[in-house]
Amino acid sequence: MAGEPLCAPTKLLAQESEGAATAAQEGDIDVPDIIFSHIMDSYEWHITDWGEHSIAIHLPVILISRNDGITVFSSRHLEGGEEYRGYHIAGTGQKHEGKVVDSEGNRPFDISITKNVLSLMMSSILLLVVILLTARWYKTHDALKEAPRGIAAYMEPIIMMVHNMARESIGEEDYRRFSPYLCMAFLFILLNNFLGIVPFFPGGANLTGNIAITMFLALCTFLTVNLFGTKHYYKDIFAPDVPVLLKPIMPIIEVFSAVMKPVSLTIRLFANMMAGHILILSMVCIIFIMAKYGGVIFGSMTVVSVFFGVFCDMLECLVAFIQAYVFTMLSSIYIGLARQKGEH
């Protein structure tokens with residue numbers, strides 16, 4: 001998960017909960033609630049607070065149950081723990097906390113458009129537009145005679161970087177087959193990492209800090225590696241050229257290693273991006289925690305918190321790129337290892 005953008009720490013907290021800032025004056029600020037309300041998924045997209053009114057986008061709740069069939073309604077009806085059509089959001093400490101459950105506490109099949117789902121849709125559309133605009137420029141211009149302009153000028157070095165990465169890791173013969181997937185993975189992760197840094201709509205969603213998203217991306221790499229692996233790749237796993245005493249053990253180790261590769265991809269991206277969000281929000285919360293200790297301490301800690309918040313934002317911009325690069329680089333290496341011929 002990414003942190004929050006430059007010069008935005010105090011703005012972010014105002015968007016998350018203006019009421020929490022008021023409570024901080026009395027020393028009642030709930031830091032875990034502020035942090036987890038930001039990094040967790042939700043059935044609405046909170047924009048900001050205007051006075052006593054919360055401005056939010058209420059997303060559609062779509063439920064499928066055996067008794068009621070398909071039920072669709074706005075998440076506005078579930079605000080404040082209210083019950084609507086026999087459904088409500090499970091409270092803190094309850095089973096399925098934060099999820100829609102029926103009156104008996106059972107969770108129906110939930111395909112609601114949540115904050116992360118909406119963010120996924122918007123980022124996918126944005127990425128598609130960027131790719132099509134880039135392709136349009138190359139379709140209407142001769143790249144050998146003129147330099148790219150506009151969006152194509154920004155996309156070319158990124159795509160060529162991933163293209164060269166695939167060539168070095170996979171090899172001259174096969175890299176063109178897998179380069180499109182690697183470009184997609186890099187651009188998708190990079191775009192959503194940076195969108196997570198933006199504190200206002202349509203940014204601020206914790207998409208790449210959601211383990212379900214990173215797990216799916218890692219699963220795509222896992223399937224690409226194992227579906228397109230050569231016979232020599234599988235021979236090295238199940239019948240490696242090792243001493244006889246090691247032959248029963250090595251396949252177990254190799255299978256475990258193959259399974260752990262997507263696990264490491266999942267956790268690395270998820271943990272790094274989520275940690276960035278938590279770090280920034282923690283720095284912001286210090287301002288309000290210190291509000292009850294007097295003007296001198298409050299003012300000095302505000303300066304320190306904002307300074308470190310801005311520094312962490314700048315660091316998160318770098319981390320956003322590094323995590324996209326590392327995921328893509330490791331994916332290309334894993335594919336390259338699975339595509340090696342016998343002489344290698």
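This passage looks at the empty space and the salt bridges in a predicted model.

Start with the inside of the protein. Rolling a probe the size of a water molecule over the atoms shows where empty space is left. Here, the structure turns out to hold one cavity of 30 Å³ or more, and the largest cavity encloses about 60 Å³ of space. Its lining is made up of Thr-221, Phe-222, Val-225, Asn-226, Tyr-233, Ala-258, Lys-261, Pro-262, Leu-265 and Tyr-334. Two helices, helix 7 (211-227) and helix 9 (250-289), each give at least two residues to that lining. Sorted by chemistry, the lining residues come out as seven nonpolar, two polar and one charged.

Next come the charged pairs. Searching the whole structure turns up two salt bridges. In one of them, the side chains of Arg-339 and Asp-174 come together at 3.1 Å, N to O. Arg-339 sits in the segment after helix 10 (295-338), while Asp-174 belongs to the loop between helix 5 (151-170) and helix 6 (175-197), so this pair ties together parts that lie 165 residues apart in sequence. Both Arg-339 and Asp-174 are buried, which means that each has under 20% relative accessible area.

Lys-235 and Asp-241 form a salt bridge too, with their side chains meeting at 3.2 Å, N to O. How do these two residues sit with respect to the surface? Lys-235 is partly exposed, with a relative accessible area of 36%. Asp-241 reaches 70% relative accessibility and so counts as exposed, the cut-off for that label being over 50%.

Key: Residues numbered from 1 in each chain as written. Predicted model: local features only at pLDDT ≥ 70, side-chain atom pairs only at ≥ 80, totals over all residues. Heavy atoms only, no water. 1 Å grid on protein atoms, 1.4 Å probe; cavity = no way out; pocket = protein on both sides within 12 Å on 5 of 7 lines; lining within 4 Å. Points joined across faces, edges and corners; volume = space filled by probe spheres on them. Helix = DSSP H or I, 4+ residues; strand = E, 2+ residues; numbered from the N terminus. Nonpolar A, V, L, I, M, F, W, Y, C, P; charged D, E, K, R; others polar. Salt bridge = Lys/Arg side-chain N within 4 Å of Asp/Glu carboxyl O. Buried < 20%, exposed > 50% of the residue type's maximum accessible area, 1.4 Å probe, protein only.
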